[in-house]
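This briefing covers the enclosed spaces inside one protein model and the residues around them. Please look at the sequence and structure before reading on.

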Amino acid sequence: DSAAGEPATTPAKTLHPPMGLFDNVRRDVPAGIVVFLVALPLCLGIAQASGAPLFSGLIAGVVGGVVVGFLSRSALSVSGPAAGLAVIVAASIADLGMPAFLLALVLAGAIQFALGSLRLGVIAHYFPNAVIKGMLASIGVLIVLKQIPHAIGYDADYEGDESFMEQDGHTTFTAIGDAFGAMTLGSVVISLACLALYGIWPRLQRGVLAQVPTPLAVIIVGGLIATFLPMLWSAGALSAEHLVALPSFGSFGDVTAALTTPDWARITDLGVWSVAGTLAIVASLETLLSLEAVDRLDPLRRISPPNRELLAQGAGNMLSGLIGGLPVTSVIVRSSANVQAGGVSRLSTIVHGLFLATGVLFGASLLNHVPLAALAIVLIMIGWKLSPPSLWKAMWRAGMSQFVPFVVTILAVVLSDLLTGTLIGLAVGIAFAIRQQQANAVVYVQDGGVNLIRINKDLTFLNKAELKEILVSIVNDSHVIIDRRLVDFIDDDIEELILEFEQGAEARGIVVEIDLSARDLERRAALAPTHP
């Protein structure tokens, strides 16, 4: 639409492209390449943080792209190793060893497959909109905060980290302060050039260049600057720590020799099963949350089937465990990159996985010239678009019941991690939903000596305090009418409170009149004999 920078007269075929797997190759292949370049350092960084071989991260990326991408029915979701699982994985590998951990991963995948078969993926639909929007915005804020150090050449923290407390003892905020005291000039030049290109490239997209998404152009130009800048300015040279560091394999045989297999002899180990259960639950929750969020980013507003996604993720994790990979989940950062690079169908996800696979064999020497600063700018732009000021304004205009859970989710995610923060946001969202649902449930009107208590909504124990306060305030020698004809349900706590009031009313000279349905009469008769 015109708000997104497209002409108002965009042809219908552009607004609603065909949905076959190979119907949008011109858009899906370049988007897949962008996702591949973004995913590559993330796969390596998450493997490093997990205490696993770097190759394990690449395996997970390939499986998440090709296998999960093929089996899933989500058009834009991209799967791979998730930073949210890094702490669990690192502790599990340290405790069990890599082969036994891989067995736990295979079992976790089987559990996920069972959850999908039992159609338990619908849990994703029970997260409030404000929390999902807050989760997306929090990822945007987190990406920007985490990538600022990489953009200026401070690469002490691994790519893909989402935790507030970093491995080197810094926090998300203190790392930024340290970064400005240890900038790398070459990285700063590359970042400034890439930022400028974000403004220039859309104006140059004519003819063949129209098929090159801005993020891909930025990464290519960043790589060229990193290669040729030292020839013109020696201070602009980048050391290896500021570049992608893809392991090099001489042949396919070297790749197969690096594969690790599960330790099946520990199938009866309760520790293995405990890790399997933990991985299955956490990975499933992260996947379902990401899936719900990515559907909101889809310009075509397609809805992904969550049960099918659990089946796909389960199959992917079983295969990843069998060949030495890390756990895979649907991940928002890569999925957001896919959306913003123009991906339309699952082909872009599959292409990203195929490029990861071929890059390991044939592209290490070329890919290792890509500067992390250029990738940081791409990610910063993704983060900015996930949390624009317009979103904050819209949530503010929606009222406190939307804005507070939204902001709490953002703060909780930034100060903890994705899953913990989202669950905190969910708790706040539920509290506001209950408060809103129970608003004006009981209306009290006093006219002379007549007190009218009208119950407008079904009551639970949550309304007990409000109703008790009203009943206590009624003076002696008055007339009380309790009108409950509009409701179908009043739970036992409320029923007993009203019975208590009735039983004490005669001694206070209060006349109580209750308008009841036949069903209510039966319930009250059942409660009265047991009431002291």
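Helices and strands here are DSSP runs, with at least four residues for a helix and at least two for a strand, numbered from the N terminus. The model is predicted. It holds 4 cavities of 30 Å³ or more, and the two described below are the largest and the second largest.

**Largest cavity**

- The largest cavity encloses about 260 Å³ of space.
- Its lining is made up of 26 residues, and those closest to the centre are I143, G160, D161, E162 and V333.
- At least two lining residues come from each of α2 (25–49), α6 (129–151), α11 (270–297), β2 (328–331) and α13 (332–340).
- With 6 residues, α6 supplies the largest share of this lining.
- By residue class, the lining of the largest cavity has 13 nonpolar, 6 polar and 7 charged members.

**Second largest cavity**

- The second largest cavity encloses about 70 Å³ of space.
- Among the residues lining the second largest cavity are L145, K146, P149 and H150.
- Others in this lining include Y154, A156, D157, E166, D168, T172 and A175.
- Both α6 and α7 (172–180) supply at least two residues to the lining of the second largest cavity.
- The largest share here, 4 residues, is from α6.
- This lining divides into 5 nonpolar, 2 polar and 4 charged residues.

**The helix α6 in both linings**

- In the largest cavity, α6 gives the largest share of the lining, and α6 also gives the largest share in the second largest cavity.

Methods
Residues are numbered from 1 along each chain as its sequence is written. This is a predicted model: local features need pLDDT of at least 70, side-chain atom pairs count only at pLDDT 80 or more; totals for chains, interfaces and linings use all residues. Side-chain values use heavy atoms; hydrogens and water are left out. On a 1 Å grid over the protein atoms alone, a cavity is a set of points where a 1.4 Å probe fits but cannot get out, and a pocket is an open set with protein on both sides within 12 Å along at least five of seven lines; lining residues have an atom within 4 Å of a point. Grid points are joined across faces, edges and corners, and a volume is the space filled by probe spheres set on the points. Ala, Val, Leu, Ile, Met, Phe, Trp, Tyr, Cys and Pro count as nonpolar, Asp, Glu, Lys and Arg as charged, and the others, Gly among them, as polar.
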